[in-house]
Each structure stands twice: as structure tokens, then as C-alpha cells.
Amino acid sequence: TYGLPHIPVINTKLLFDHFRDSKVGCYMDPAFASEALFFEPALDRNYYYSDPGRPRSSGKKTLLFYARPTAARRNLFEIGLVALRQAVASGAIDKESWEVRAMGEKLQPVALGNGVVLEPLPWLSFDAYTERVRTADLLLSLMLAPHPSYPPLEMAASGKLVVTNSFSVKTADRMRAFSPNIIVAEPNAQSIAAALENAVGRLNCSLTSYDPSGAVALPSSWDESFGEVVPALLRK
């Protein structure tokens, strides 16, 4: 597909860098790669913002797991599940202090050990989804791809911690440049479990995220996001 003639308009510089560095298809030609267009996605701050004063409905901390076992294998459901079970087995996540919720796809409850259960959320409207993100304490969101994925950016913008994985140019340093709230592990269960235990341990000690303000190095409107791309595309 990428060997066919096309005008590239790429979602994030991370993904552009992956195409350029991997020299996929037309991107083997440095001239073609140099003319590719890319943009950074916008995060609407009317929906993703820090809301530290909001009380918890259950009294427990909430871990959200972006779980899509059949709709998108790239989201590494099985690896995330093993990592969660390891974090429960270590005692970092316990049933008295934490509730663990799955979102993204309809699935059955999954036992994680020691009485902790991964409970699925129903399909949510956009408003309900963004409220869930803002009011959770920690997100586990994995994707075996060079794109940063939206949920980690949304969670970081809400002033909360998120554990995700590295892939290609999607390194810890590159993701930290968006927000220090993004914790990046290698895409294997042991590394992800260690990152979860680190994040959960911080929250268990009543520490905040690394940046509770939710500042992210991304546009806050799509007009800003496409401000340079659309005029350049019209000139093609």
C-alpha cells in the first residue's frame, strides 16, 4: 500500500518518523519522505482536564484497562492481563483499595487473583467516556504500534498516570515529551507489571501524578492542529 503513489498526511510526528526511518514503500525515497505532511492531534480541554477535587463514588482508587481482545489485537490484551495479575500477586493492587475496570469492548469479568476482578464497563457515550478518564486514577493502555494512541494522551491531559508500551520510535523519552504522566514499559508482561507496580505504589502512598495540572505538548483545537497541514495540502 505504501508503495503506491500518494500524498501522505500522517497523524503525529512519531508515526511520520517511523515511516521515514523504516523506509517503507515510497518512504525509501528521501525526497518523498521530506515532503510528507504530518500533524499532532488536538485534545479538547473542555473534556480532558485535571479535576482533583472530585470525590470517588466508591471510595476506592480506579484502574482503567483499555481492553480490546478481539477488536484490536494490537492492544495486547493478553499481555496486559498477565501484567495486571502480576501486580495483584505482588500486593500492589488489592481488592480493599482498588477497583479494576475494562473499557473498549464487551467482555466477561476476569479474575485477577486475591479477590480482584477485572470488571467490564458498558459501552459509553463520549461524554461518559471522558468523565471516566478524568475520574480514574490510573490507566493501562497498550498498543503495539508507533502511534502514541489517544487514551494515554487523554489520561495524561486529565492530570493522571498512564502506563503504555514502547514500539519503534515510540520511546519513553518521546512519550515523556508529551507529558511526564506517561510511563512507558517494554511490550512484555514483566516490564509492564513493573511499571504498573511503580505507578500503583506511588498512588498507594498518596502521591499525585508527576504533573497533576494535565499540561500536554499538544494542540487544544483542531484548527490549531490542522493550521499548517491544510494550506500545505491545498498547495499540492
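**A nonpolar patch on the surface**

Begin by selecting I7, V9 and L233 in this predicted model. Together, these three residues make up a nonpolar surface patch with about 230 Å² of accessible area. V9 is located in strand 1, which covers residues 9-11. With a relative accessibility of 36%, V9 is classed as partly exposed, because that class lies between under 20% for buried and over 50% for exposed.

Keep L233 selected and add D51. The C-alpha atoms of these two residues are 38 Å apart, and 182 residues separate them along the chain. D51 belongs to the loop that connects strand 2 and strand 3. Its relative accessibility is 24%, so D51 counts as partly exposed.

**The seven-stranded sheet**

Next, display the strands as a cartoon. Seven strands form an open sheet in the order 5-6-4-3-7-8-9, and their pairing is mixed. Strand 5 (110-113) and strand 9 (182-185) are the edge strands, each pairing on one side only. On average, neighbouring strands of this sheet are turned by 25 degrees against each other, with direction ignored.

Helix 7, residues 189-204, may now be added to the view. Helix 7 packs on the sheet and touches strand 3, strand 4, strand 7 (138-140), strand 8 (161-165) and strand 9. The direction of helix 7 makes about 175 degrees with that of strand 8.

Now restrict the selection to residues 61-66 and 98-103, which are strand 3 and strand 4. These two strands run parallel and are joined by six bridges. In general, the strands of a sheet pair through backbone hydrogen bonds, in either a parallel or an antiparallel manner. To locate one such pairing, select L63, whose bridge partner in strand 4 is V100.

**Salt bridges**

The structure contains eight salt bridges; three of the pairs are visited below.

Select E99 and R101 to begin. These two residues form a salt bridge, with their closest N and O atoms 3.6 Å apart. E99 has a relative accessible area of 15% and is therefore buried.

Move next to helix 1, residues 13-22, and select D17 and R20. Their side chains meet in a salt bridge with an N to O distance of 3.4 Å. Both residues lie in helix 1, three residues apart, which is about one turn of the helix. Is each partner buried or exposed, or partly exposed? D17, at 3% relative accessibility, counts as buried, whereas R20, at 35%, counts as partly exposed. Extend the selection to K13, D21 and R174: together with D17 and R20, these residues are linked in a network of salt bridges.

Finally, select E35 and K236. The side chains of this pair meet in a salt bridge at 4.0 Å, N to O. The pair links distant parts of the chain, its members being 201 residues apart. E35 is in the loop between helix 2 (30-34) and strand 2 (37-39), while K236 is in the segment after helix 9 (229-234). E35 is exposed, with a relative accessible area of 52%, and K236 is partly exposed, with 46%.

Terms used
Residues are numbered from 1 along each chain as its sequence is written. This is a predicted model: local features need pLDDT of at least 70, side-chain atom pairs count only at pLDDT 80 or more; totals for chains, interfaces and linings use all residues. Side-chain values use heavy atoms; hydrogens and water are left out. Patches are made of residues with over 30% relative accessible area and no salt bridge: like charges are joined within 9 Å, nonpolar side chains (Val, Leu, Ile, Met, Phe, Trp, Tyr) within 5 Å. Accessible areas come from the Shrake-Rupley method with a 1.4 Å probe; for residues, only the protein chains shown count as cover. Helices (H or I, at least four residues) and strands (E, at least two) are DSSP runs, numbered from the N terminus. Buried means under 20% relative accessible area, exposed over 50%, partly exposed in between (1.4 Å probe, protein chains only). Two strands pair if DSSP finds at least two bridges between them. Axes are lines fitted to C-alpha atoms, for helices over the stretch in contact, and angles run from 0 to 180 degrees between N-to-C directions. Contact means heavy atoms within 4.5 Å.
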